[in-house]
Amino acid sequence: MVTGLRVFAPAKINLTLNVTGQRDDGYHLLDSLVVFADVGDVVHLRAADAWSLQVDGPEAASVPAGDDNLVLRVARLFAPGAALTLTKELPVASGIGGGSADAAAVWRGLGVMTGQGRDGVDLLALGADIPVCVSSQAARMQGVGDVITPVGGLPDLHVVLANPRVAVSTPHIFRTLAHKDNAPMPAILPTFTDAADLCAWLATQRNDLQAAAESIAPQIALTRQAMAALPGCMLARMSGSGATCFGVFKSATAATQAAQRLAHAQPGWWVRAGRLGSMQDAARPQAL
Ligand SMILES: C[C@@](CO)(OP(=O)(O)O)[C@H](O)COP(=O)(O)OP(=O)(O)OC[C@H]1O[C@@H](n2ccc(N)nc2=O)[C@H](O)[C@@H]1O
Ligand SMILES: Nc1ncnc2c1ncn2[C@@H]1O[C@H](COP(=O)(O)OP(=O)(O)O)[C@@H](O)[C@H]1O
């Protein structure tokens with residue numbers, strides 16, 4: 001019986017995000033190429049008789065510490081209890097799925113720790129991004145977030161992630177959308193020889209939430225433009241409903257140097273260099 005686990009919760013990045021329709025219940029139909037970062041939160045789990053949650057880390061002050069935290073909401077699906085510690089590195093409400101990543105990490109961890117399967121649980125109802133975060137594998141995400149098709153063979157990308165410290169409301173961005181019936185990505189995604197090839201294709205694609213988010217929070221456009229102006233930036237785009245933007249660079253060194261430069265120019269922003277791709281190995285629960 002495993003009594004303690006460490007689980008990494010990688011940030012989710014929408015390389016593309018097409019809004020292709022809206023259901024009668026108001027939820028939007030999406031078509032998104034989703035990858036994961038080697039930047040994320042960490043959850044520690046220890047066997048205990050009751051549920052408890054402690055939140056620490058640089059972004060701890062922004063997340064609910066009690067029953068509203070997605071970590072506890074998922075944990076309560078399991079029995080009998082666990083002592084949870086969430087180390088919060090990712091900015092909250094920032095388009096990189098931090099809450100969903102944390103919830104998915106607890107799902108993976110408690111699955112291993114308790115040996116309990118939870119088939120039939122509607123994780124989507126807790127957060128539209130949770131299903132794709134469970135495997136933390138590069139995927140095409142469709143439907144309202146429930147149709148997940150793993151995408152193999154995608155080249156890793158070296159990136160800078162930047163958030164100008166403006167929290168945006170996902171429902172508000174969706175409501176502000178001028179057009180809700182945009183074209184999807186091609187039915188069959190191309191295969192890519194390398195990161196430059198993937199980047200060239202991504203430049204022909206879009207995030208349909210970007211213009212709406214930038215009209216509500218002009219700091220997002222400033223962030224994207226500052227990213228695009230960094231030496232060697234091959235593509236700059238917003239992730240999810242924002243405000244975090246990613247910029248793609250040709251090497252880890254180039255991304256690290258660009259991140260240092262941006263952090264120096266904008267000391268108030270959250271800026272990280274990292275790698276994007278499939279993170280299912282890094283996301284696997286580790287025994288303590
Ligand atoms: C937009 C995306 C793209 O990956 O990412 P984020 O910006 O949140 O990171 C996700 O679909 C968000 O996922 P998540 O943040 O988990 O959303 P939820 O809590 O389930 O939903 C928040 C609100 O967003 C709207 N929503 C969400 C998903 C969807 N397919 N259609 C929607 O209209 C609904 O108004 C919903 O009440
Ligand atoms: N563990 C958690 N981490 C982050 N946000 C959480 C968490 N639990 C609940 N929330 C709530 O979920 C909402 C969305 O947060 P988050 O997942 O960070 O957004 P996004 O997907 O846009 O990055 C916030 O309003 C926050 O209060």
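1. A good place to start is ligand 2 and the two domains around it. In this predicted model, the shell around ligand 2 takes at least three residues from each of domain 1 (4-151) and domain 2 (157-277). The shell counts 21 residues, and those that come nearest to the ligand are N69, L70, G98, G99 and D102. Two elements, α1 (70-75) and α2, give two or more residues each to this shell. The top contributor is α2, with four residues. Sorted by class, the residues around ligand 2 are 10 polar, eight nonpolar and three charged.

2. Ligand 1 deserves the same look. It is surrounded by 19 residues, with G127, A128, P171, G240 and S241 the closest. Both domain 1 (4-151) and domain 2 (157-277) give residues to this shell, so ligand 1 lies between them. Among the secondary-structure elements, β3 and α5 (170-176) supply at least two residues each. The class count for the shell around ligand 1 is 11 polar, seven nonpolar and one charged.

3. Next, the domains themselves. The assignment splits the protein into domain 1 (4-151) and domain 2 (157-277). Their contact involves 28 residues of domain 1 and 33 residues of domain 2. On the domain 1 side, β1 (4-14), β2 (18-22) and β3 (28-47) each provide at least two of the touching residues. Of the elements on that side, β3 gives the most, with eight residues. The touching residues of domain 1 comprise 15 nonpolar, 10 polar and three charged. For scale, the domain centres, taken over C-alpha atoms, are 21 Å apart.

4. You may want to set the UniProt annotation beside the model. The unreviewed entry records a "binding site" at P91, V92, A93, S94, G95, I96, G97, G98, G99, S100 and A101. Two of these annotated positions, G98 and G99, are also among the residues that come nearest to ligand 2.

5. Within that annotated stretch, I96 is worth a closer look. It sits in the loop between β5 (82-87) and α2 (98-114). Is I96 buried or exposed? I96 has 28 other C-beta atoms within 10 Å, and a residue needs 20 or more to count as buried, so I96 is buried. Not counting residues up to four places away in sequence, I96 touches A11, K12, I13, L90, S239, G240 and T244. One of these contacts, G240, is also among the closest residues to ligand 1.

6. A101, which the record also lists in the "binding site", is placed in helix α2. A101 counts as buried because it has 30 C-beta neighbours inside 10 Å. Leaving aside neighbours within four places in sequence, its contacts are A9, P10, A11, K12, G40, D41 and C133. A11 and K12 appear in the contacts of I96 as well as in those of A101.

7. Finally, helix α8 (residues 219-228) makes a nice example of packing. Which residues of α8 are buried? They are I220, T223, R224, A226 and M227. Seen down the helix axis, these buried residues fall within an arc of 160°, so they line one face of α8. The spacing fits a simple rule: an α-helix has 3.6 residues a turn, so residues three or four places apart point the same way. The buried residues of α8 pack against β8 (157-163), α7 (210-216), β9 (235-238), β10 (245-249) and α9 (252-265).

Methods:
Residues are numbered from 1 along each chain as its sequence is written. Chains are lettered from A and ligands numbered from 1 in the order in which they are written. This is a predicted model: local features need pLDDT of at least 70, side-chain atom pairs count only at pLDDT 80 or more; totals for chains, interfaces and linings use all residues. UniProt positions are given in the numbering used here, feature names are shortened, and annotations may be inferred rather than shown by experiment. A residue is buried if 20 or more other C-beta atoms lie within 10 Å of its own, exposed if 12 or fewer, and partly exposed in between; C-beta atoms are placed from the backbone. Two residues are in contact if their C-beta atoms, placed from the backbone, lie within 7 Å. A residue is near a molecule or strand if its C-beta atom, placed from the backbone, lies within 6 Å of it. Ala, Val, Leu, Ile, Met, Phe, Trp, Tyr, Cys and Pro count as nonpolar, Asp, Glu, Lys and Arg as charged, and the others, Gly among them, as polar. Domain bounds come from an automatic or database domain assignment. The arc is that of the directions from the helix axis to the C-beta atoms.
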